[in-house]
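Please walk me through the overall architecture of this protein chain, beginning with its general dimensions and ending with the way its parts meet.

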Amino acid sequence: MHPLSPRPAAPPAAALDPRAVRRQFPALAQRVRGVRLAYLDNAATTQKPRAVLRALTAHYARDNANVHRGVHALGARATAAYEAARARVARFLGAADAGEIVFTRGATEAINLVAQSYGRSVLAAGDEVVVTAMEHHSNLLPWRRLCEQTGAHLRVAPVDDRGVLDLAGYERALGTRTRLVAVAHVANALGALNPVAELARLAHARGAVLLADGALAAAHVGGVDVRALGCDFYACSSHKVYGPTGVGALYGRAELLRAMPPWQTGGEMVLAVGDDDVTWAPPPLRFEAGTPPIADAVGFAAALDWLEPLAPAAAAHEQALVTHAAAALAAVPGVRVVGPAARVAVVSFVVDGVHPHDVATVLDDAGVAVRAGDQCAQPLMRRLGLPGAVRASFAPYNTSDEVERLVAAVGRARALLG
Amino acid sequence: MPGVGDLYRAVILEHGKAPRNVGRLGTATHAAEGDNPLCGDHVRVELLVEGERVRAARFEITGCLVATASASLMTEAVGGRSRAEVRALHDAVAATCAGRPQPGGGDLGALAALAAVRDYPSRARCAALPWETLARALEAAPEAGAPDRKPARDPA
């Protein structure tokens with residue numbers, strides 16, 4: 001256990017210069033189809049700053065070795081770097097201790113880990129799991145599967161016509177048999193911010209634990225504090241916070257992790273293997289079978305070093321872009337902006353008579369990269385009566401000029417195809 | 001207009017916005033449904049096959065302009081053709097959309113407009129979906145209750 005010092009209060013958000021941020025991202029300097037790239041698909045994955053690319057290269061060039069095994073110098077360095085990365089993630093999320101951070105392959109694996117380890121050991125037939133109607137498939141299907149495996153029931157807290165969680169409906173979904181609640185911190189499809197602290201309080205009042213899916217939120221809410229949120233588990237992915245793909249983190253409260261059985265088994269997660277008995281390693285290693293994504297964890301930490309000082313200003317900058325984009329898109333004839341009035345990092349919209357994929361192709365031709373389709377949230381799209389949507393999502397390197405290019409290209413899609 | 005105008009050229013726009021042969025055949029002998037999980041497109045293709053000949057084709061779709069135009073052009077192109085000809089057309093369109101040389105090198109006529117998807121790999125699946133579904137419809141056993149209930153076998 002490595003107790004961490006409390007975090008200093010965040011300084012007030014200073015204005016951010018997106019062009020200065022942009023220069024740190026080599027991928028943003030390119031042209032696609034002959035025009036400058038406007039990368040507005042940050043909710044799918046963010047681009048990577050040079051600091052992250054350098055950290056990856058430096059690790060492989062100098063410290064590459066397996067962790068928690070070798071007695072040699074490189075093994076010691078790799079282990080120190082990997083465990084320092086764990087402490088970095090703990091600090092970023094506001095965890096009390098680095099031992100509360102489990103490295104996973106991403107947010108999806110973190111959620112599956114909780115479902116298959118915590119869920120299977122706690123749920124009995126007739127118990128209930130509560131999710132919301134706005135969840136990404138990755139925070140829905142692990143729970144559906146868990147319910148099939150255990151005979152528990154899945155209850156879905158409703159959303160209103162704009163995709164905002166219905167709080168009264170959420171309270172009605174909670175019952176005396178509710179053991180676990182899983183909610184998006186920020187919904188990926190529409191950018192709705194859930195009041196996680198309030199949802200956790202209500203879940204705890206019924207004896208349930210709450211998992212927050214922070215895949216989108218982590219980079220876009222100005223900083224995460226799992227203790228202020230009061231959540232019991234928090235899942236996030238490195239690649240959505242400017243780090244490498246292939247690694248993510250699960251925060252779990254120490255006493256919950258200690259009581260959880262292993263999920264995957266193999267090397268690294270075990271202390272002693274007798275002929276007939278096994279002693280599992282304590283958390284977090286108990287949940288990290290096999291060689292972990294070492295260099296990617298180091299890159300993840302570098303991304304958080306890069307992001308954390310910038311996070312409050314980045315959130316404010318993104319909010320300005322989102323407000324600008326939502327107003328400008330709504331002014332284009334035939335365009336309907338969907339989702340809540342208060343959005344985080346994301347603006348989703350539909351164009352009358354034009355399929356989202358056709359809109360996205362015209363935008364791609366103008367160098368504007370967006371997401372189109374069901375956003376991996378098919379139940380939400382059905383609820384809102386949408387055939388999918390086009391989603392623009394923002395980062396600190398995006399500019400209001402790029403918002404204007406988005407709006408102009410949407411107008412062109414409407415003129416060409418509407 | 002170069003670029004995206006090449007994909008959304010007149011024939012695609014025309015068939016995408018006002019597709020032909022939409023609906024169901026009361027007399028369908030073969031049918032299949034297909035999905036593109038990437039974008040949620042869904043298509044149903046129905047055929048009236050008499051002996052070795054496709055007499056008529058219809059479709060229903062929830063999908064983008066490219067998939068809709070592809071289905072419309074397809075149902076126009078296959079009417080009156082033999083199973084072997086339909087299969088050859090399927091192969092030629094699949095090759096063209098993937099940017100491969102066409103087997104046989106024949107002229108695709110209006111279907112050549114679909115070739116532009118090769119510059120948009122993420123959209124090639126949209127153009128291919130109706131054709132893949134057509135191929136499965138032809139392979140499927142005749143619909144129960146259909147007028148032509150002879151076992152469907154392609155001699156080619």
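The paragraphs below go from the whole chain to its domains and then to the contact between them.

The model shown here is predicted, and its secondary structure, in chain A, amounts to 14 helices together with 17 strands. Along the principal axes, the C-alpha atoms of chain A occupy a box of roughly 70 × 55 × 40 Å. Because a compact globule of 418 residues would be expected to have a radius of gyration near 22 Å, the value of 22 Å found for chain A agrees with that expectation. Of these 418 residues, 54% count as buried, and when contacts in chain A between residues at least 6 apart in sequence are considered, 72% of them join residues at least 24 apart.

The chain is divided into two domains, of which domain 1 of chain A is made of the segments 18-48 and 310-417, whereas domain 2 of chain A covers 53-308. The centres of domain 1 and domain 2 of chain A, taken over C-alpha atoms, are separated by 28 Å. In the contact between them, domain 1 of chain A takes part with 26 residues and domain 2 of chain A with 30 residues.

On the side of domain 1 of chain A that touches domain 2 of chain A, at least two residues each are supplied by helix H11 (311-330), strand E14 (346-351) and helix H13 (378-384) of chain A. Sorted by class, that side of domain 1 of chain A has 16 nonpolar residues, alongside five polar and five charged ones.

Key:
Residues are numbered from 1 along each chain as its sequence is written. Chains are lettered from A and ligands numbered from 1 in the order in which they are written. This is a predicted model: local features need pLDDT of at least 70, side-chain atom pairs count only at pLDDT 80 or more; totals for chains, interfaces and linings use all residues. Helices (H or I, at least four residues) and strands (E, at least two) are DSSP runs, numbered from the N terminus. The radius of gyration is taken over C-alpha atoms; the globule rule is 2.2 Å times the number of residues to the power 0.38. A residue is buried if 20 or more other C-beta atoms lie within 10 Å of its own, exposed if 12 or fewer, and partly exposed in between; C-beta atoms are placed from the backbone. Two residues are in contact if their C-beta atoms, placed from the backbone, lie within 7 Å. Domain bounds come from an automatic or database domain assignment. Ala, Val, Leu, Ile, Met, Phe, Trp, Tyr, Cys and Pro count as nonpolar, Asp, Glu, Lys and Arg as charged, and the others, Gly among them, as polar.
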